[in-house]
Amino acid sequence: MSIIRRLFQREPDPETITVSHEGVAYTVAIRRLAQARRFTLRVRSTSRDAVLSMPARARIADAIGFAERHGAWIATRLNRIPERLAFLPGASVPLRGVPHTISHRPDRRGTVWVENGAILVAGEAEFVSRRVRDFLKREARKDLEAATRRYAERLGVKVTRIGIRDQASRWGSASSTGAINYSWRLILAPPFVLDYLAAHEVAHLKEMNHSPRFWRIVKELCPGMEPAKAWLRAHGANLHRYEG
């Protein structure tokens, strides 16, 4: 490599930086985006950190300065994220929006069932967390498959595959091939929220965008979409407090 090229070559960006506020250090991930026109900050509830997006040609020193000037903002929003909740006996977990208490039943064989406002878990104590998580994912698949098939039939579109994942940045996604993926955490929300998300993703099989026509289709499928959207804005982040 020539001396001139080395002189003009930019040092690699750090993956993260640390911003301090009132004696507490907070991690901020750095992302260069070709489409970015300014510095922006957002927080991630799943990883409990902040992300700073910056224009492709911006200086890293300017990005660090921007993050440091917004240390109070970062601290406030990260401190609002609820602590993670493990699926352990005694914990309260919403199932279809209704709180249920996890209760261990070691005298029963390895199953999970719901009874009188409780999620009952049989088997050995070390497997309680995994069994609750697997149970919730099965329930999510059952409800989401039913809602998706119902809306697909109404709209006359073909769904080729339904996937259940733990997506951190979105509740669902659809591809032009007819595949739809959902976050299993929707089973924690009230049924009308899950129902809306199914309508939303099925509508994308007609319109792969968020145009006015797309939203008209969603509203025709799910007239109650606005309360569901409002619920997600208000409570969606809390669904990520439960272990994945």
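Domain bounds, as used here, come from an automatic or database domain assignment. On that basis the chain, seen here in a predicted model, is divided into domain 1, covering 16-80, and domain 2, covering 91-240. Taken over C-alpha atoms, the centres of domain 1 and domain 2 are 31 Å apart. Along its principal axes, the C-alpha trace of the chain spans about 70 × 45 × 35 Å. Seven helices and eleven strands make up the secondary structure of the chain. Of its 244 residues, 45% count as buried.

A good place to start is the sheet that contains S1. Four strands form this open sheet, and reading across it gives the order S1-S2-S4-S3, with mixed pairing. S1 and S3 are its edge strands, each pairing on one side only. From one strand to the next, the twist averages 35°. Within this sheet, S1 and S2 run antiparallel and are joined by six bridges. One residue pair can be picked out by eye: Ser20 has Ala25, in S2, as its bridge partner.

The loop between strand S1 (16-21) and strand S2 (24-33) holds Glu22, and the backbone there deserves a look. Most residues other than glycine have a negative phi. Glu22 is not a glycine, yet its phi is positive, at about 50°. The side of the question that concerns solvent is easily settled: the relative accessibility of Glu22 is 73%, and because the cut-off for exposed is over 50%, Glu22 counts as exposed.

Asn116 can be described in a similar way. Its position is in the loop between strand S7 (112-115) and strand S8 (118-122). The phi of Asn116 is near 50°, a positive value in a residue other than glycine. With a relative accessibility of 76%, Asn116 counts as exposed.

A further sheet is built around S11. Three strands form it in the order S9-S11-S10; the sheet is open and its pairing is mixed. The edge strands are strand S9 (161-165) and S10, each of which pairs on one side only. Direction ignored, neighbouring strands of this sheet are turned by 15° against each other on average. S9 and strand S11, residues 179-183, run parallel and are joined by five bridges. Here Arg161 stands opposite Ala179 in S11.

For readers with ligands or probes in mind, the pockets come next. The largest pocket holds about 450 Å³ of space. Its lining consists of 20 residues, and Val43, Arg44, Ser45, Ala237 and His240 lie nearest the centre of the pocket. Both domains take part in this lining: at least three of its residues are drawn from domain 1 (16-80), and at least three from domain 2 (91-240). Among the secondary-structure elements, strand S3 (40-44) and helix H7 (225-235) each supply at least two lining residues. The contribution of S3 is the most, at three residues. S3 thereby appears twice in this account, as an edge strand of the four-stranded sheet and as a part of the lining of the largest pocket. By class, the lining of the largest pocket divides into seven nonpolar, eight polar and five charged residues.

The second largest pocket contains about 340 Å³ of space. It is lined by 17 residues, of which Arg170, Trp171, Leu197, His200 and Leu232 lie nearest its centre. Three elements, strand S10 (172-174), helix H5 (191-203) and H7, each supply at least two residues of this lining. H5 provides the largest share, four residues. The lining of the second largest pocket comprises six nonpolar, seven polar and four charged residues.

Two elements help to tie these descriptions together. H7 supplies at least two residues to the lining of the largest pocket and at least two to that of the second largest pocket. S10, an edge strand of the sheet with S9 and S11, also supplies at least two residues of the lining of the second largest pocket.

Technical notes. Residues numbered from 1 in each chain as written. Predicted model: local features only at pLDDT ≥ 70, side-chain atom pairs only at ≥ 80, totals over all residues. Heavy atoms only, no water. 1 Å grid on protein atoms, 1.4 Å probe; cavity = no way out; pocket = protein on both sides within 12 Å on 5 of 7 lines; lining within 4 Å. Points joined across faces, edges and corners; volume = space filled by probe spheres on them. Nonpolar A, V, L, I, M, F, W, Y, C, P; charged D, E, K, R; others polar. Buried < 20%, exposed > 50% of the residue type's maximum accessible area, 1.4 Å probe, protein only. Pairing = 2+ DSSP bridges. Axes fitted to C-alpha atoms, helices over the stretch in contact; angles between N-to-C directions.
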